[in-house]
Amino acid sequence: MPARVTMNDLKRALEEGSGVDEGVDLDTDLRTMAFSELGYDSLAVLETGLRLGRENNIELDDSVFTDLDTPQQMLDAVNEALERQSAVS
Amino acid sequence: MTAHINGIDIISPLGLSREEHWKALLDGCSGLGPTQSFDSARYDNPISGEILHFGPDELPKRLVPATDRMTQMSLVAAAGAFDDSGIDMSQVDPLDVGVMTAATAGGYAFGQKELQNLWSKGPKYVSTHQSYAWFYAVNTGQISIRHGCQGHSGVIVADDAGGLDAIAFAARRLARGNQIMLTGSVDSTMCPWGRVAHASTGHLSKSADAQAAYLPFDERAAGWVNGEGGAHLVLQSHSDGRYAAVLGHGATVDDPRAAPGTGLGQAIRIALDAARLRPGDIQVVFADAAGTREADRAEAAALVEIFGPHSVPVTAPKAATGRMGCGTASLDVAMAVLAIRDQTIPPTLNVEADESLGVNLCGVATQHPITNVLVLARGVGGFNSALIVGT
């Protein structure tokens, strides 16, 4: 069973790579809100996804992140890639 | 091209606000000193004009990891200029508000950090935000986004001269539809990469003495000091009565085979014609003051040719801040306006003017009747620019 990327990992990647807007509480809002509602544009989403990818040695194409609206969708996409990669190896 | 200046803010090594900078300058303070923001021991140019106490505390935290230092400073000064103008952005049509800034090199320090990531760790470690954080137009873009400006906007790249050209371009936009223009430039290349890029021109001062490193129009002149900062201005077609207006602008480009500054005199004449003024109507000149003997001679020759020897008072307050790319020229315009407001010529610190140049240089702050000020700027690549502000 491969290690899974958690919402905490995603939160840290957002904070380190793109910062957090005033009035946004990632601890509570991350599960319920979309990236756009949290103040993140498409580049911030891409930056977050690429960070999670390199931290976990997953080969992810940029296009994976272009249609993601929520943090949960990103987490699912990253973990799915992680499982796929671990099944191959 | 009358465009009234209704808002000004300054950020410089002398102060983080318009009045802080202006007071320190008139008090004869210098913002030059040994470089502190990076280890300059391995470089030949140890003195800098750094903004040492800037922290982006007043910016949204979301912007900080995604922006270069010069963009953060530009955003703070732009907000200060809008604030000074008293304009309530909720009461104006965003399509009527434009942003026209100048840039010299884009976000250099951010770019250096990401190039280091690329080189030492690999492409996956380069920040996505690098795609725009380095870019020349980034300050115009970030100011537009933050203040909701949707009118005609752009960026001018003409080295230091761009700091005047952007203001002139903004003034022209007022005649073509925009109601409000945020303009000027705040610039920084304060990092090792920026330092070596400037040093490669051979025109950067090698002096380790902060009070003798940048001495324009002085026999001892041996280069300029790299600074950071600049000014933003708000232009409107009506005046709120506090500041001067942009009256005229002229720009020329030198033949690269000719001596530097050959076209500077022509730029001055074009600006005078545009403002419908004669040389005698100018009370003060803010010089480009390149700080190398050859370039100083060329500028002095242009001034003597148009105004006569030892005539119009000339000043170069940038001797107290260093040259900050096109931020320098925008800062000069802001100071020219304050000089008119307070009827005071700011000083050229530390300089003993070479009398043979024929320039009437002001070494100390001087009370003087001032209606019109000529501001000059030149840039690498042959750019010459002249802008006149007055009442």
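**Exercise 1. Strand 15**

How many residues of strand 15 (residues 372–379) of chain B are buried? Work out what covers the strand and what pairs with it.

*Ground rules.* This is a predicted model, where local features need pLDDT of at least 70, side-chain atom pairs count only at pLDDT 80 or more, and totals for chains, interfaces and linings use all residues. Residues are numbered from 1 along each chain as its sequence is written, chains are lettered from A and ligands numbered from 1 in the order in which they are written, and side-chain values use heavy atoms, with hydrogens and water left out.

*Solution.*
- Step 1. Fix the terms. Buried means under 20% relative accessible area, exposed over 50%, and partly exposed in between (1.4 Å probe, protein chains only). Strands (E, at least two residues) and helices (H or I, at least four) are DSSP runs, numbered from the N terminus.
- Step 2. Count. In strand 15 of chain B, 8 of its 8 residues are buried.
- Step 3. Split by face. One side carries Asn372(B), Leu374(B), Leu376(B) and Arg378(B); the other carries Val373(B), Val375(B), Ala377(B) and Gly379(B). Both faces are covered.
- Step 4. Find the partners. Two strands pair if DSSP finds at least two bridges between them. Strand 10 (residues 284–286) of chain B pairs with strand 15 in the parallel sense, over 3 bridges. Here Val284(B) stands opposite Val373(B). Strand 16 (residues 383–390) of chain B pairs with strand 15 in the antiparallel sense, over 8 bridges. Ala377(B) has Ser385(B) as its bridge partner, and Gly379(B) has Phe383(B).
- Step 5. Inspect the turn. Strands 15 and 16 of chain B form a hairpin with 3 residues between them. Gly381(B), in the turn, has a positive phi of about 110 degrees.

**Exercise 2. The sheet around strand 15**

Which strands stand at the edges of the sheet in chain B that has the order 5-4-6-8-1-9-16-15-10-11-13?

*Solution.*
- Step 1. Read the order. The sheet is open, has 11 strands, and its pairing is mixed.
- Step 2. Take the ends. Strand 5 (154–156) and strand 13 (360–361) of chain B each have a single partner strand, so one side of each is left without a neighbour in the sheet.

**Exercise 3. Domains and core**

Where does the largest nonpolar core lie relative to domain 1 and domain 2 of chain B?

*Solution.*
- Step 1. Set the bounds. Chain B is divided into domain 1 (3–236) and domain 2 (245–390); such bounds come from an automatic or database domain assignment.
- Step 2. Gauge the contact (heavy atoms within 4.5 Å). 61 residues of domain 1 of chain B are in contact with 62 residues of domain 2. The C-alpha centres of these domains lie 21 Å apart.
- Step 3. Define the core. A nonpolar core is a set of buried Ala, Val, Leu, Ile, Met, Phe, Trp, Tyr and Cys residues joined through side-chain atoms within 4.5 Å.
- Step 4. List its hubs. The largest core has 51 residues; Ile5(B), Leu235(B), Val246(B), Val373(B) and Val389(B) touch the most other members. Helix 10 (residues 326–342) of chain B gives the largest share, 11 residues.
- Step 5. Place the core. Both domains of chain B give residues to it, so it lies between them.
- Step 6. Zoom in on Val373(B). Not counting residues up to four places away in sequence, its contacts include Phe286(B), Ala336(B), Ile340(B) and Leu387(B).

**Exercise 4. A buried arginine**

Which side chain of opposite charge is nearest to Arg173(B)?

*Solution.*
- Step 1. Locate Arg173(B). Helix 6 (residues 162–175) of chain B holds this residue.
- Step 2. Assign charge. Lys and Arg count as positive, Asp and Glu as negative; His and the chain ends are not counted.
- Step 3. Apply the salt-bridge cut-off: a side-chain nitrogen of Lys or Arg within 4 Å of a carboxyl oxygen of Asp or Glu. The nearest candidate for Arg173(B) is Asp96(B), 9.0 Å away. Arg173(B) is buried yet has no salt bridge.
- Step 4. List its contacts. Arg173(B) touches His152(B), Asn178(B) and Met181(B), not counting residues up to four places away in sequence.
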